[in-house]
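Colleague: I have this model open on my screen and would like a close look at one part. Please take me through the open sheet and the helices around it.

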Amino acid sequence: MFRFAHPAYLYLLLLIPLLVVGVVLVALWKKKTLQKIADGDSYRRLIGEKSFVKEWVKAGLAILAFACIVLGFANPQIGTRIEDVKLKGIDVIVCLDVSLSMKAEDLKPNRLELAKREIGELIKDLQGNRVGLVVFAGAAYVQFPLTSDYSAANLFLSAADVSSVPEPGTALASALELANRSFDADAPTRKVIIVITDGEDHEGDVDKRINEAKSRGIAIYSIGMASPNGAPIPVYDGSGRQVDYRKDQNGSIILTKLDQDILKHMADETNGKFYLSSPAGDELKAIYSDLEKIEKTEFGSKQITDYDDKYFYFLIPAILLLIAEFFTSDKMSVWFRKLQIFLKLREE
């Protein structure tokens, strides 16, 4: 099996046609410039024993060396051994509130961005476990299902925003229902739901979903992403400048407050825990410490390929090409110069 460890470097190979075009244009410009300032014998005296062929060879060696360096940095690898690895862990689904109230800035830079930063740290810590993400506002959607592909998880997490769910509101019950359904009922793994929200439920059917999770042995941890005193929701213009705060129909500024009771209730009923978010944003670290104590269960296996680096197959030729370019003279060889003089004498 063959692959490049750092394939992003390969994009630098797209510069090679530009380098070739640049070499050609510079050579033509030099030749035209010399022809403008001198003719005939004067032109030949100016260029002396210079060989344009060798100049092209030197440029070609440099470009080939550049290509080899790029391929070396991309680090080609060859798979030498495939190994089956058993996966053991727990299943964690995070329910992230992306309603407009999460843009309040009582937690910096705002509630939503702080929550995403915490989730990113949690994904890093959860290596070996499966994690999924449900986003919700007036409705709930799976942002990414349970996975152990943490790179993909971080990619989808970064895309989560208030625009991810067009329906306004905070449908907490829908988020819990979707999270419950997103677990594999037949999998023997321990299951955990982490709810991150400002706690303003606008649906009112949460108890039913809490009981569903409780009956399946799913623990719910909750984090209140707001201050108890509440905060206004800023409004920004197209250039990112704050112009106002969101107001109700009467023109009064809306204050979005934390409803701790419902978050504490869901945690207490399912043997989870409730946390109030702080500016430090370390609540998920505390939750992770609890998750580490949960017994891990085997949930599958994957194949790991052991690769050998082969970058030196390209870096060594690159060094040799650069040495060859350095020692290649752009002057004509003695024999070619004698042949040129001989032909000129015969013409005379």
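Modeller: Here is the sheet first, then the helices, then one residue elsewhere. Keep in mind that this is a predicted model.

Start with the strand order. Six strands form an open sheet, and the order is β5-β4-β3-β6-β7-β12. The pairing is mixed. Two strands sit at the edges: β5, residues 140–147, and β12, residues 274–276. Each of these pairs on one side only. On average, neighbouring strands of the sheet are turned by 15 degrees against each other, direction ignored.

Now take the strand pairs. Strands of a sheet pair through backbone hydrogen bonds, either parallel or antiparallel. β3 covers residues 91–97 and β4 covers residues 130–136. These two strands pair in the parallel sense, over seven bridges. To find the register, look at Asp97: its bridge partner in β4 is Phe136.

β6 and β7 also run parallel, joined by six bridges. Here Ile194 has Tyr221 of β7 as its bridge partner. On to β12: three bridges join β7 to this strand, and the two run parallel. Ile223 has Tyr275 as its bridge partner in β12.

How buried is β7? Six of its six residues are buried, so the strand is largely enclosed by the rest of the structure. Both faces are covered. Ala219, Tyr221 and Ile223 lie on one side, with Ile220, Ser222 and Gly224 on the other, and all are buried. Tyr221 is thus a buried residue and also the bridge partner of Ile194. Likewise, Ile223 is buried and is bridged to Tyr275.

Next, the helices. β3 and β4, the parallel pair with seven bridges, are both touched by α6. Helix α6, residues 172–182, packs on the sheet. Its contacts are with β3, β4, β5, β6 (191–197) and β7 (219–224). The direction of α6 makes about 30 degrees with that of β5. Helix α8, residues 260–269, packs on the sheet as well, touching β6, β7 and β12. Its direction makes about 160 degrees with that of β7.

The helices also meet one another. α6 packs with α7 (residues 206–215) at an angle of about 20 degrees, and their axes are 8 Å apart. Angles under 35 degrees count as roughly parallel, so α6 and α7 are roughly parallel to each other. Their crossing is left-handed. From α6 come Leu172, Ala173, Leu176, Glu177 and Asn180; from α7 come Val206, Arg209, Ile210, Glu212 and Ala213. By class, the residues of this contact are six nonpolar, one polar and three charged.

α7 meets α8 too. These helices pack at an angle of about 25 degrees, with axes 9 Å apart. That makes α7 roughly parallel to α8. This crossing is right-handed. α7 brings Val206, Asp207, Ile210 and Lys214, while α8 brings Ile262, His265, Met266 and Glu269. The contact of α7 with α8 has four nonpolar, one polar and three charged residues. Val206 and Ile210 of α7 take part here, and they also take part in the contact with α6.

One last stop. Gln77 is found in strand β2, residues 76–89. Gln77 is buried, with a relative accessible area of 7%. Leaving out residues up to four places away in sequence, Gln77 touches Met1, Phe2, Arg3, Ala5, Tyr307, Asp308 and Asp309.

How values were computed
Residues are numbered from 1 along each chain as its sequence is written. This is a predicted model: local features need pLDDT of at least 70, side-chain atom pairs count only at pLDDT 80 or more; totals for chains, interfaces and linings use all residues. Side-chain values use heavy atoms; hydrogens and water are left out. Two strands pair if DSSP finds at least two bridges between them. Helices (H or I, at least four residues) and strands (E, at least two) are DSSP runs, numbered from the N terminus. Axes are lines fitted to C-alpha atoms, for helices over the stretch in contact, and angles run from 0 to 180 degrees between N-to-C directions. Contact means heavy atoms within 4.5 Å. Angles under 35 degrees count as roughly parallel, over 145 as roughly antiparallel, 65 to 115 as roughly perpendicular and the rest as oblique. A crossing is left-handed if the near helix is turned anticlockwise from the far one by less than a right angle, and right-handed if clockwise. Ala, Val, Leu, Ile, Met, Phe, Trp, Tyr, Cys and Pro count as nonpolar, Asp, Glu, Lys and Arg as charged, and the others, Gly among them, as polar. Buried means under 20% relative accessible area, exposed over 50%, partly exposed in between (1.4 Å probe, protein chains only).
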